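Here is a small set of exercises, each with a worked solution. Keep the viewer open and try every task before you read on.

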Amino acid sequence: MLELNNSDIEKIKSSSHIVFFTGAGMSAESGIATFRGKDGIWTKFKPEELANFNAFIQNPHMVWEWYSYRRNIVRNAIPNPGHIAIADFQNYFPKVTVITQNIDNLHKRAGSREVFELHGNIERNYCIKCKTFYNNIGDSMELPKCKCGGLIRPDVVWFGEYLPEDQFNRSEIATSECDIFFVVGTSAVVYPAASLIYTAKHTGAFIIEINIEETEISSFANKCFIGQAGKILPQILEKVKD
Ligand code: OAD
Ligand code: ZN
């Protein structure tokens, strides 16, 4: 049973800007594995072997194959009721912003219009030499080469790399302006993305966490829902939508 009291409901209903900050747990119910936790990818693969630039230079085939594998999973996945509820919030609230750490496109595919992608997007790729972009590359496991001869990499943020500045800056502005800040399906341990939660707190947003377990930020969230995003989000929307 969803424990949302009348004052919480009124608070959400009267808000003019809602931000959803999401992580891998958001897409778990779409069949995309999370990074941490018992079924997490990083329990099977070492991030330093796959998700960094040196690994790519040393073994581009292996890294490309890994991303092709994940790209195929993402392409075959469909947005779950949580993604759909978030997109549906746009029909009832003046401004809704999604800030995601996910690279899987599922928020956009569900219909969310303002989506900031802090860790890139697996459907975008670019040549490391001439920076030409290649979108929607086929589903071959073969490492593609740019017309200039350079290696093509996925446009995702690897360990040790900076976040896309424009996406992060716009996320910070949205975070500091919003009334309600949902934190959905993230372990909140990867920075600088997780710093947005502290920004939200300092700038006075009402923080609502949705996760299947407690996290680092549960102690200072104004409300925590323990459960699956795909179940909780539609229930919240149902209570606040008219
Ligand atoms: P994590 O794998 O660290 O955390 C996933 C979170 O989702 C955990 O707290 C789970 O408890 C929760 N969870 C799992 N299933 C859920 C569900 N159905 N509903 C709600 N919550 C659920 O993923 P992130 O926090 O997104 O970065 O990880 C952050 C970054 O670390 C990723 O973007 C990636 C990774 O290294 C890069 O690749 C740059
Ligand atoms: Zn090139």
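## Exercise 1: An aromatic cluster

Phe56, Trp66, Tyr67, Tyr69 and Trp158 make up one aromatic cluster. Before the tasks start, some ground rules: this is a predicted model, in which local features need pLDDT of at least 70 and side-chain atom pairs count only at pLDDT 80 or more, while totals for chains, interfaces and linings use all residues. Residues are numbered from 1 along each chain as its sequence is written, chains are lettered from A and ligands numbered from 1 in the order in which they are written, and side-chain values use heavy atoms, with hydrogens and water left out.

**Task.** Find which residue lies over the face of Trp158, and at what distance from the ring centre.

*Solution.*
- Step 1. Recall the ring rule: rings of Phe, Tyr and Trp (its six-membered ring) pair if their centres lie within 6.5 Å; planes under 30 degrees apart count as stacked, over 60 as edge-to-face and the rest as tilted.
- Step 2. Recall the charge rule: NZ of Lys or CZ of Arg must be within 6 Å of the ring centre and within 35 degrees of the ring normal.
- Step 3. The residue is Arg153, which lies over the face of Trp158 at 3.9 Å from the ring centre.

## Exercise 2: Two stacked pairs

**Task.** Describe the aromatic pair of Phe20 and Phe182 by distance and angle, and then work out which parts of the chain the pair ties together.

*Solution.*
- Step 1. A pair of aromatic rings is described by the distance of the centres and the angle of the planes.
- Step 2. The structure holds 11 aromatic pairs. One of them is Phe20 with Phe182, stacked at 4.7 Å centre to centre with 10° between the planes.
- Step 3. Phe20 belongs to strand S1 (residues 17-22) and Phe182 to strand S7 (residues 180-184), so the pair ties together parts that are 162 residues apart in sequence. Helices (H or I, at least four residues) and strands (E, at least two) are DSSP runs, numbered from the N terminus.
- Step 4. Both Phe20 and Phe182 are buried. Buried means under 20% relative accessible area, exposed over 50%, and partly exposed in between (1.4 Å probe, protein chains only).
- Step 5. Now look at Phe21 and Phe181, an aromatic pair that is stacked, with 5.9 Å centre to centre and 20° between the planes. This pair, too, links distant parts of the chain, with Phe21 in strand S1 and Phe181 in strand S7, 160 residues apart.
- Step 6. Phe21 counts as buried because its relative accessible area is 0%. Phe181 is buried as well, at 0% relative accessibility.

## Exercise 3: The surroundings of ligand 1

**Task.** Work out which residues come nearest to ligand 1, and how much of its accessible area the protein covers.

*Solution.*
- Step 1. Ligand 1 has 23 residues around it, of which Phe35, Arg36, Thr186, Ser187 and Asn211 come nearest. A residue is near a molecule if one of its heavy atoms lies within 4 Å of it.
- Step 2. Sort the shell by class: 9 nonpolar, 11 polar and 3 charged residues. Here Ala, Val, Leu, Ile, Met, Phe, Trp, Tyr, Cys and Pro count as nonpolar, Asp, Glu, Lys and Arg as charged, and the others, Gly among them, as polar.
- Step 3. Look for polar contacts (a pair of N or O atoms within 3.5 Å; within protein, one must be able to donate a hydrogen and the other to accept it, and residues adjacent in sequence count only if both atoms are side-chain atoms). A polar side-chain atom of Arg36 is 2.6 Å from an oxygen atom of ligand 1. An N or O atom in the side chain of Glu29 lies 2.9 Å from a nitrogen atom of the ligand. Gln101 places a backbone N or O atom 3.2 Å from an oxygen atom of ligand 1.
- Step 4. On its own, ligand 1 has 800 Å² of accessible area, and the protein covers 93% of that. Accessible areas come from the Shrake-Rupley method with a 1.4 Å probe; for residues, only the protein chains shown count as cover.

## Exercise 4: A glutamine in a loop

**Task.** Is Gln90 buried or exposed, and which backbone atom of Arg113 does its side chain reach?

*Solution.*
- Step 1. Gln90 sits in the loop between helix H5 (81-89) and strand S2 (95-100).
- Step 2. Gln90 counts as buried because its relative accessibility is 14%.
- Step 3. The Gln90 side chain reaches the backbone nitrogen of Arg113 at 2.8 Å and the backbone oxygen of Ala87 at 3.0 Å.
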